[in-house]
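Dear colleague,

Please find below the structure that I am handing over to you. I would be grateful if you would read the notes after it with the coordinates open.

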Amino acid sequence: MPANRRTRHTSRLLILSLYAATCVAQQQPKPAETDEVLRVTTELVQTDVSVFDKSGKFVDNLKRDQFELKVDGRLQPISFFERIVSGSFNEDAQLAAARGTSRGSASKDADATAAVPLDRGRALVFFLDDFHLSLASLVHTKELLLRFIDTQLRQNDQMALATTSNQLGFLSQLTDDKTMLRAAVARLSPREQNERVDSERPQMNITQAIAIEQGNSGVTDYFIDQTLKENPVFGNPTSESARSEAHRYIIRRANQLIDTHSSVVIRTLDSLRAVMRTFGEYPGRKLVYFFSDGFAMEIGRSSTYDRVHLVTDAAVRAGAVVYTVDARGLSAQLGDLPSASDNSSPDATGRLAGAGLSMATTMQEPLRTIAGETGGRAILNTDSIALGVEKALKDTSVYYLLAWKPEREENRGGKFRRIEVGVKDHPDLTVLVQKGFYTSPPDDLAKRDEVKADDANGAHAANGANAAVTEQARSKELFAALRSTFPRVGLPTALTLNYVKTKDANLVLTASIQVEIDASKPSTGSALPTDRAEIVGAIYSDQGKVIQTFQRGVNITPKDANVVIPITHRVFFPFQMPVAPGLYQVRVASRDPKNRRTGSATQWIEVPDVNKGGFALSSVFLGIRPAVVTAEDAQADAAGPQVLVVPDRRFAHNTPARFLVYLYNAAVAADAKPDIAVQVQVFRDDQPVITTPLRKVDTEGFTEFSRLPYAAEVSMNGIPPGQYVLRVTAIDRVAKSSASQSVKFTIV
């Protein structure tokens with residue numbers, strides 16, 4: 001249980017938490033390297049399958065021989081079959097097994113780092129088709145997203161927001177940081193396109209334009225009659241020449257409207273595909289929500305349907321399923337009725353209605369198609385979109401993975417192959433599956449894969465002269481790791497961010513970086529070996545602007561050549577800079593010159609304006625008790641607990657962790673002293689496993705209460721391996737206000 005320690009405001013307290021010297025530590029388990037997500041190769045295809053009964057319940061305990069898989073109508077033998085819990089710790093290993101590969105590092109470290117399945121979390125992407133979202137739909141969607149972040153996003157989930165227009169820019173990143181996600185939601189704004197509104201009279205919508213292009217005489221005649229009635233420029237409405245001219249005019253209008261609409265639709269589908277390709281690099285299955293008011297895919301223009309095939313292929317390769325959402329909800333059913341803002345004339349003849357046109361159905365059909373092709377469902381015509389979103393989470397929580405080898409002739413060319421999966425003798429069951437893929441990646445994908453292969457070959461060049469790289473090449477490798485979408489794990493690198501207000505009321509952002517590099521043992525009489533870690537970092541604003549960069553090479557040389565060097569060096573590198581209040585991202589990358597391995601880490605942090613008044617806390621500095629080396633160290637620790645920040649926040653189950661937090665702007669009571677109580681909680685999978693009673697903060701010896709340090713220890717005895725959250729809540733009983741801060745950590 002946390003043990004409250006009396007804390008003195010000493011300068012060394014902060015120095016230890018910010019300036020950890022380079023040191024050598026005992027060997028620690030390394031995080032497992034993640035295999036590249038590869039769902040489609042010339043040798044193997046992986047297919048995700050979900051099966052539901054008539055009540056919508058997942059059908060569990062099905063066996064391999066109960067499934068029937070066809071490609072282009074031909075049966076395929078299933079070479080691998082597994083039931084998988086989405087977002088579980090074991091999912092990566094199961095997917096690797098389906099590929100016929102192994103997770104060697106994971107298996108070797110399994111005893112030391114194994115965690116229960118729920119500890120890994122889900123990967124969720126919310127894609128907003130802002131080119132086809134009305135202002136009302138966008139407002140409702142933003143409200144839904146905020147509720148989802150606050151109530152549905154679990155401790156270990158990763159979530160990203162993206163849009164067709166890419167208006168979020170730097171904030172379109174997969175993260176577990178709720179502050180960053182809320183900032184992304186706040187930045188969403190309308191992006192209506194000109195194709196959504198036809199300004200000419202009589203007003204024409206896309207469904208009517210498609211009907212005109214397809215030769216629907218009733219719709220065409222209606223627009224000819226109305227055009228002649230409202231536009232005297234065409235002349236006598238009864239003359240044949242006037243009607244012919246009006247007809248040509250209507251055809252041009254319809255074609256222009258369709259062309260504009262189709263170009264936006266193509267951009268929408270290309271953006272969706274690009275998002276899945278980007279986030280497909282993240283391991284495990286991804287659930288993609290596609291929010292839109294809908295659009296039309298004109299059957300006379302096949303390019304839009306070709307784009308759907310590319311989206312389906314991207315979903316297979318990324319391990320993603322798409323649930324489409326009509327953001328209009330129940331109001332979508334009113335799509336055929338004119339609104340007060342419509343510029344159209346009433347159809348007294350009933351020709352528009354008689355043509356059997358349904359604006360709502362037409363606009364929703366692509367949503368049904370995209371969901372059906374990618375193994376998801378369409379959430380349409382509902383007064384509770386939130387329930388539909390929640391049901392999608394349940395639908396995708398468990399799935400069957402089928403892996404199979406395509407026939408050799410199927411590997412030739414870039415033909416799109418259709419996939420069908422059914423359960424034998426059960427036509428009553430609903431089977432959701434990604435329904436196709438390209439045997440050869442599209443050209444742009446193939447080029448990207450070639451570049452990645454070249455990079456891999458360069459990284460494993462032969463020893464000797466051929467392995468020598470220039471300074472420019474080294475910088476290229478390092479900055480490529482810094483720009484990587486997801487952390488690189490070739491060289492284990494950890495980052496932790498904190499903020500604190502100094503005595504002179506300045507806000508300081510601190511970054512503590514940890515790199516683990518391999519060391520070699522010295523031979524007798526040899527010179528002292530030196531290991532080196534190259535580190536580069538950048539601090540970004542929430543707009544993606546680089547605020548500051550830093551770069552350093554850190555050397556490690558043992559003090560005694562006769563000492564056996566541990567296998568792993570843990571390099572700690574601190575960095576700090578003054579900042580203004582705001583949201584920041586820090587990225588760091590590292591490189592081991594001996595073997596050219598690289599690693600990277602990324603973290604967001606919000607620095608509040610604690611100087612504006614009101615009770616507030618600093619970040620939680622989480623670490624360990626520094627080693628007592630001198631009498632001065634012992635004396636300092638007795639005066640006040642020292643905290644040595646551990647950037648990777650990994651602790652042994654029997655090692656106590658220490659934390660430090662600063663309390664700002666405490667109010668004082670009638671006796672001119674504050675009255676503050678602190679409670680510490682530890683959560684796992686959003687469930688509390690430790691809750692301490694409230695402890696009053698001892699302010700004896702302090703005369704200034706605007707910046708009070710508080711430290712305590714948390715015992716890890718009896719806590720099983722897994723990922724946890726430490727939450728520190730402070731209550732100012734004089735001001736009747738409270739503040740809290742949380743930090744994640746791992747027990748190994």
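The notes below begin with the whole protein and then turn to individual helices and loops.

This is a predicted model, in which local features need pLDDT of at least 70 and side-chain atom pairs count only at pLDDT 80 or more, whereas totals for chains, interfaces and linings use all residues. Residues are numbered from 1 along each chain as its sequence is written, and side-chain values use heavy atoms, with hydrogens and water left out.

The protein has 16 helices and 32 strands (DSSP runs, H or I of at least four residues for helices and E of at least two for strands, numbered from the N terminus). Of its 748 residues, 50% are buried (under 20% relative accessible area with a 1.4 Å probe, protein chains only; exposed is over 50%, and partly exposed lies in between). Among contacts (heavy atoms within 4.5 Å) with a separation of 6 or more, 77% join residues 24 or more positions apart.

Helix α8 covers residues 217–230; its 14 residues should span 20 Å at 1.5 Å a residue, and the end C-alpha atoms are indeed 20 Å apart (the expected span is 1.5 Å times one less than the number of residues). At its start, a side-chain oxygen of Asn216 comes within 3.2 Å of the backbone nitrogen of Gly218. Gly218 is itself buried, and the other buried residues of α8 include Tyr222, Phe223 and Ile224.

Helices α5 (residues 135–151) and α13 (residues 385–395) have axes that come within 10 Å and cross at roughly 45 degrees (axes are lines fitted to C-alpha atoms over the stretch in contact, with angles from 0 to 180 degrees between N-to-C directions). The two helices are therefore oblique to each other (neither under 35, over 145, nor 65 to 115 degrees). Leu144, Arg147 and Phe148 of α5 meet Ile385, Ala386, Val389 and Leu393 of α13.

Several loop residues also deserve mention. Thr175 lies between β7 (158–163) and α6 (178–187) and counts as buried at 6% relative accessibility. Leaving aside residues up to four places away in sequence, Thr175 touches Asp157, Gln158, Met159, Met180, Leu181 and Trp604. Asn166, in the loop between β7 and α6, has a positive phi near 60 degrees although it is not glycine. Pro202, between α6 and α7 (206–213), follows a cis peptide bond from Arg201, with omega near -5 degrees.

With kind regards

Notes
A polar contact is a pair of N or O atoms within 3.5 Å; within protein, one must be able to donate a hydrogen and the other to accept it, and residues adjacent in sequence count only if both atoms are side-chain atoms.
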